[in-house]
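This report describes selected local features of one protein model. The sequence and structure are shown first, and the description follows.

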Amino acid sequence: MIIEKLGSDNYKLFQDELKFIRESGLFFTDTHAHLHFEEFKDIDRFVESALENAVKRIVTIGIDLDDSIKAKEISEKYKNIYYTLGFHPHDAKKFSKDLLVEFQKYVTDRKMLAVGEIGLDFYRNLSDIEVQIKVFEYMLEFARINRKPVIIHNRDASDKVSEVIDSILDVDERIGIIHCFNGDKKFLKWALDKGFFISYAGPITFKKEDELRDTLKYVPIDRVFVETDCPYLTPSPMRGKMNEPAYVVFNAYTISRVKDISLFKLAEVIEKSFLNLFGKVYE
């Protein structure tokens, strides 16, 4: 189920399945990366590495206005990279309503897929809680007005995240993605009922995360996404290295084993779900 070591029997089976996917022309999308961060200065190498692992589409996620513009600039250089507009809760103290006017300039860009990441983080509290909530409300309203999916950050704030979203957004099959799902089953039920897709990052591959893997039995396969959140949360068996989009296939393989389906089938379903959420993306 988990690939603990390169060269293991599980790893060899994974490589066989991945080869079949590459040869078929099917592929995976890393739905949450930060490929415009400084860690990826040699970006060509990381894009090529992703392609070698059948990761042919990458969404690089904005975390404030300047950062979102950097994400846009990367997307302009690579046909297979898309971006989002976001304001991370850590930086909520830096937000002003005037920024929404600047964000609005990019809404009609065909490569801008969603509003995010946005949300609440009560674990680190790098911005005041009330300020986080107010910024979250502004960004949700911005997404609603512009009819864009949202990408939600939630850390130790499940009840408030759901409360704020319920106050602004209706149930919608294109509402958005719960980024790096943390295993909270009550929150999971709410998110699925609301229409969200559930995205699993590197922790789904960690040996001690049996409870997180157990949540997959509650998530329909057509509501699952995979992400790296790179350069963070490197999956097994690559832990100890900096995370990169190529590694999202390890998350996918673990999910396929838990769900008892082929990696090929999972890739097929995820691609259909991606197009259902974002429409026919600009190629």
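## Cavity, salt bridges and backbone geometry

A search of the whole structure, which is a predicted model, finds one cavity of 30 Å³ or more. The elements that contribute two or more residues to its lining are strand β4 (112–121) and helix α5 (129–146). About 30 Å³ of space lies in this largest cavity. Its lining consists of Phe-87, Pro-89, Ala-92, Ile-118, Gly-119, Gln-132, Val-135 and Phe-136. Helix α5 gives the most to the lining, with three residues. Sorted by class, the lining residues are six nonpolar and two polar, with no charged residue among them. In general terms, rolling a probe the size of a water molecule over the atoms shows where empty space is left.

The charged side chains form the next topic. The structure holds 19 salt bridges, and the table sets out three of them.

| Salt bridge | Closest N to O distance | Relative accessible area |
|---|---|---|
| Lys-72 and Glu-76 | 2.9 Å | Lys-72 16%, Glu-76 53% |
| Lys-105 and Glu-102 | 2.9 Å | Lys-105 54%, Glu-102 29% |
| Lys-265 and Glu-268 | 3.6 Å | Lys-265 40%, Glu-268 36% |

Lys-72 and Glu-76 both belong to helix α3 (residues 65–77), where they are four residues apart, about one turn of the helix. Are the two partners buried or exposed? Lys-72 is buried, because its relative accessible area is 16% and the cut-off for buried is under 20%. Glu-76, in contrast, is exposed, because its value of 53% is over the 50% limit. This pair is also part of a wider arrangement, as Lys-72, Glu-76 and Asp-109 are linked in a network of salt bridges.

In the pair formed by Lys-105 and Glu-102, the lysine is exposed at 54% relative accessible area, whereas Glu-102 is partly exposed at 29%. The pair of Glu-268 and Lys-265 lies within helix α10 (residues 263–278), and its members are three residues apart, about one turn of the helix. Glu-268 counts as partly exposed at 36% relative accessibility, and Lys-265 counts as partly exposed at 40%.

The backbone also merits attention. As a general rule, most residues other than glycine have a negative phi, and most peptide bonds are trans. Which peptide bonds are cis? One of them runs from Cys-230 to Pro-231, with omega near 20 degrees. Another joins Ser-236 and Pro-237, with omega about 10 degrees. Pro-231 is placed in the loop between β8 (224–226) and α9 (248–259), and Pro-237 is likewise in the loop between β8 and α9.

Positive phi values occur in residues that are not glycine, including Asp-156 at about 55 degrees and Asp-260 near 60 degrees. Asp-156 is found in the loop between β5 (150–155) and α6 (158–168), and Asp-260 is located in the loop between α9 and α10. Asp-156 is exposed, with a relative accessible area of 52%. Asp-260 also counts as exposed, at 70% relative accessibility.

Methods. Residues are numbered from 1 along each chain as its sequence is written. This is a predicted model: local features need pLDDT of at least 70, side-chain atom pairs count only at pLDDT 80 or more; totals for chains, interfaces and linings use all residues. Side-chain values use heavy atoms; hydrogens and water are left out. A salt bridge is a side-chain nitrogen of Lys or Arg within 4 Å of a carboxyl oxygen of Asp or Glu. Buried means under 20% relative accessible area, exposed over 50%, partly exposed in between (1.4 Å probe, protein chains only). On a 1 Å grid over the protein atoms alone, a cavity is a set of points where a 1.4 Å probe fits but cannot get out, and a pocket is an open set with protein on both sides within 12 Å along at least five of seven lines; lining residues have an atom within 4 Å of a point. Grid points are joined across faces, edges and corners, and a volume is the space filled by probe spheres set on the points. Ala, Val, Leu, Ile, Met, Phe, Trp, Tyr, Cys and Pro count as nonpolar, Asp, Glu, Lys and Arg as charged, and the others, Gly among them, as polar.
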